[in-house]
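Got your viewer open? Load the model, colour it however you like, and follow along stop by stop.

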Amino acid sequence: MEAMFEGLTTTTGFLLVVSLLIAFGFEFVNGFHDTANAVATVIYTRSLRPWTAVILSGVCNFLGVFVGGLAVALSIIHLLPLELLVSSGVGLGLAMILSLLLAATLWNLGTWYLGLPSSSSHTMIGSILGVGIANSMLPGHEFGAGVNWAKVTDVGMALLLSPLIGFTLAALLLLLAKRLIRDPQLYRAPLGSRPPPPWIRGILIFTCTGVSFAHGSNDGQKGVGLVMLILMGVVPAGFAINMAVTEPQLQKAEAAVVTIHDSLGTAATAAPDVRAKLAEVEDELQSLKATLGTAKSPTQIPADQRFAVRRDVLLIDSTLKELDKSKALVLPDEQAKKVKAARADLRELTDYAPNWVLFCVALSLGIGTMVGWKRIVVTVGEKIGKEHLTYAQGASAELVAMSTIGISAGLGLPVSTTHVLSSGVAGTMVAQRAGLQASTVLKIASAWVLTLPASMLLAGTLFLVFRAMLC
């Protein structure tokens, strides 16, 4: 690991430490801001004592970060303009990261203080968009250009639909349970401190565990993406590419370069703009081949060329993906499959996260879960509906939340744990005919509507300020 941080100056090292502390702080806040939703139902149905539930949830969040893969982390990274991702300027990288982290953390702390189940996902994505749009407003740029609008659309739809899915499915699941399970005590509020029947208690504990694990695998990966952006921007020599790749993996990447080069030679296209893009890809392929061909391990790639390797891989992948999506690049089916596989082989050099990053993010998220959970728990458990949460309501909301968040993590879509679960609780209140507390629902809806534009404005402003100071 020492080699990865070799060459750091005192000033850059200080800025790196500050940036990492803010990133881990964001995950810490995320822990008690979002994960509190997972324990609200087991606490208010008397299934677990508060501290037992919180510790269990924290451990499951920790494990979820390790097992959840990197799909969500990469989705977060690729929301940023490609220009920022391939820029090796330390000042620009720091301006981007500090503005993202500060904007997201400040908004999360503010909504937590007010006890509002706001979305860390909305906050982070709004901050990323704010940075991208602010960057496009600089001289020599076209407004809105460079922002990955296709990825924004995918993520936006996931964030928009997830609470609607949570509300509808939780309500339907409760109504189905009422038809199939006739035990009246499931649909009544808990009596005193008496726990629910063993089988429903088991379901509630299982779903609390599942939601916490899914939250770690989804929201925790956002933190992983942020930390990797910091490391790649501040210490490109150590983190621009995966320094743990083996000689066979480097050989596979070199073979991928040859495969793409040979396949593009057979492409049927006459459009001048397409030919110009393919010419750029060819230049990047030649540069990549020259660098990879002389190295048997990443350490043999000169430190000042490692970010160039990353830049070439990202530009090649981005251009080919764009041409493929627009149907501008016509290849035989067999060749198209080879190019797609070759792109995946190349991305093994750049799409990674060290275990120590996973550990630190997981630890921050897990500890955060155990610290400031109470404000959000009280809102979810007491202030959404007009009546106390029943066993069946808690189980329905948790089952839907666990499934929705888990599936989204597998698809690489960052969704809001907060909105899925709180909307699920609201859906069960409507299905139960218990009624909703209008003031709380209005506050949650306001936070939902305002989070994206507020975080965009805050992050964009901070980016322009930090860029002027650091670049």
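Which residues does UniProt list for "transmembrane region"? The unreviewed entry gives 12-32, 53-77, 89-109, 121-138, 158-177, 223-245, 356-373 and 445-466. Keep in mind as you click around that you are looking at a predicted model.

**The whole chain**

Start with a cartoon view. The chain has 19 helices and zero strands. Switch on a surface and you can check that buried residues make up 53% of the 471 residues. Among contacts with a separation of 6 or more, 88% are between residues 24 or more positions apart.

**Two of the annotated spans**

Select 12-32, one of the stretches that UniProt lists for "transmembrane region". This span is 100% helix and 0% strand, and its end C-alpha atoms sit 31 Å apart. Now select 223-245, also in the UniProt list. Here the figures are 70% helix and 0% strand, with 23 Å between the end C-alpha atoms.

**Ala104 on H6**

Go to helix H6, residues 90-113, and pick Ala104. Is Ala104 buried or exposed? Its relative accessible area is 0%, so Ala104 is buried. Leaving out residues up to four places away in sequence, Ala104 touches Phe26, Thr123, Met124 and Ser127. Draw a C-alpha to C-alpha distance from Ala104 to Met124: you should get 5.5 Å, for two residues 20 apart in sequence.

**Ser217 on H9**

Next stop is Ser217, in helix H9. Ser217 counts as buried because its relative accessibility is 6%, under the 20% cut-off. Show what is around Ser217 and you'll find contacts with Gly64, Val65, Gly68, Val72 and Ala409, again not counting residues up to four places away in sequence. Then add Ala362: Ser217 and Ala362 are 145 residues apart in sequence, yet their C-alpha atoms are 9.6 Å apart.

**Along H15**

Ala362 is one of the buried residues of H15, so stay there and select the rest: Val357, Leu358, Val361, Ser364, Leu365, Gly366, Gly368 and Thr369. How far apart are the end C-alpha atoms of H15? They are 21 Å apart, and that agrees with the 21 Å expected for the 15 residues of 355-369 at 1.5 Å a residue.

**Along H13**

Now jump to H13, residues 306-325. At 1.5 Å a residue its 20 residues should span 28 Å, and the end C-alpha atoms are 29 Å apart, which agrees. Colour the buried residues of H13: Arg306, Phe307, Val309, Arg310, Asp312, Val313, Leu314, Ile316, Asp317, Thr319, Leu320 and Leu323. While you look at how the side chains fan out, remember that an α-helix has 3.6 residues a turn, so residues three or four places apart point the same way.

Zoom in on Arg306, which belongs to H13. Arg306 counts as buried because its relative accessibility is 9%. Beyond residues up to four places away in sequence, Arg306 touches Pro236, Ala237, Ala240, Ile241, Met243, Pro298, Thr299 and Ile301. At the other side of the tour of H13, just after the helix, Lys327 takes a positive phi of about 60 degrees.

**A cavity**

How many cavities of 30 Å³ or more does a search of the whole structure find? The answer is two. Take the second largest, with a volume of about 50 Å³. Select its lining: Leu74, Ile77, His78, Met228, Met232, Arg310, Thr350, Asp351 and Tyr352. Helices H4 (71-77) and H9 (198-234) are the elements that each give two or more residues to this lining. By type, the lining has five nonpolar, two polar and two charged residues. You have already coloured Arg310, as one of the buried residues of H13.

**A pocket**

For an open space, find the second largest pocket, with about 280 Å³. Of its 13 lining residues, Phe167, Ser423, Ala426, Val441 and Ile444 are the closest to the centre. The elements that give two or more residues to the lining are H8 (149-180), H18 (417-432) and H19 (438-470). This lining divides into 10 nonpolar, three polar and no charged residues.

**Last stop: Asp262**

Finish on helix H11, residues 247-264, with Asp262. Asp262 is partly exposed, at a relative accessible area of 45%. Add Gln335, which is 73 residues away along the chain, and the C-alpha separation from Asp262 reads 9.3 Å.

Methods: Residues are numbered from 1 along each chain as its sequence is written. This is a predicted model: local features need pLDDT of at least 70, side-chain atom pairs count only at pLDDT 80 or more; totals for chains, interfaces and linings use all residues. Side-chain values use heavy atoms; hydrogens and water are left out. Helices (H or I, at least four residues) and strands (E, at least two) are DSSP runs, numbered from the N terminus. The expected span of a helix is 1.5 Å times one less than its number of residues. Buried means under 20% relative accessible area, exposed over 50%, partly exposed in between (1.4 Å probe, protein chains only). On a 1 Å grid over the protein atoms alone, a cavity is a set of points where a 1.4 Å probe fits but cannot get out, and a pocket is an open set with protein on both sides within 12 Å along at least five of seven lines; lining residues have an atom within 4 Å of a point. Grid points are joined across faces, edges and corners, and a volume is the space filled by probe spheres set on the points. Ala, Val, Leu, Ile, Met, Phe, Trp, Tyr, Cys and Pro count as nonpolar, Asp, Glu, Lys and Arg as charged, and the others, Gly among them, as polar. Contact means heavy atoms within 4.5 Å. UniProt positions are given in the numbering used here, feature names are shortened, and annotations may be inferred rather than shown by experiment.
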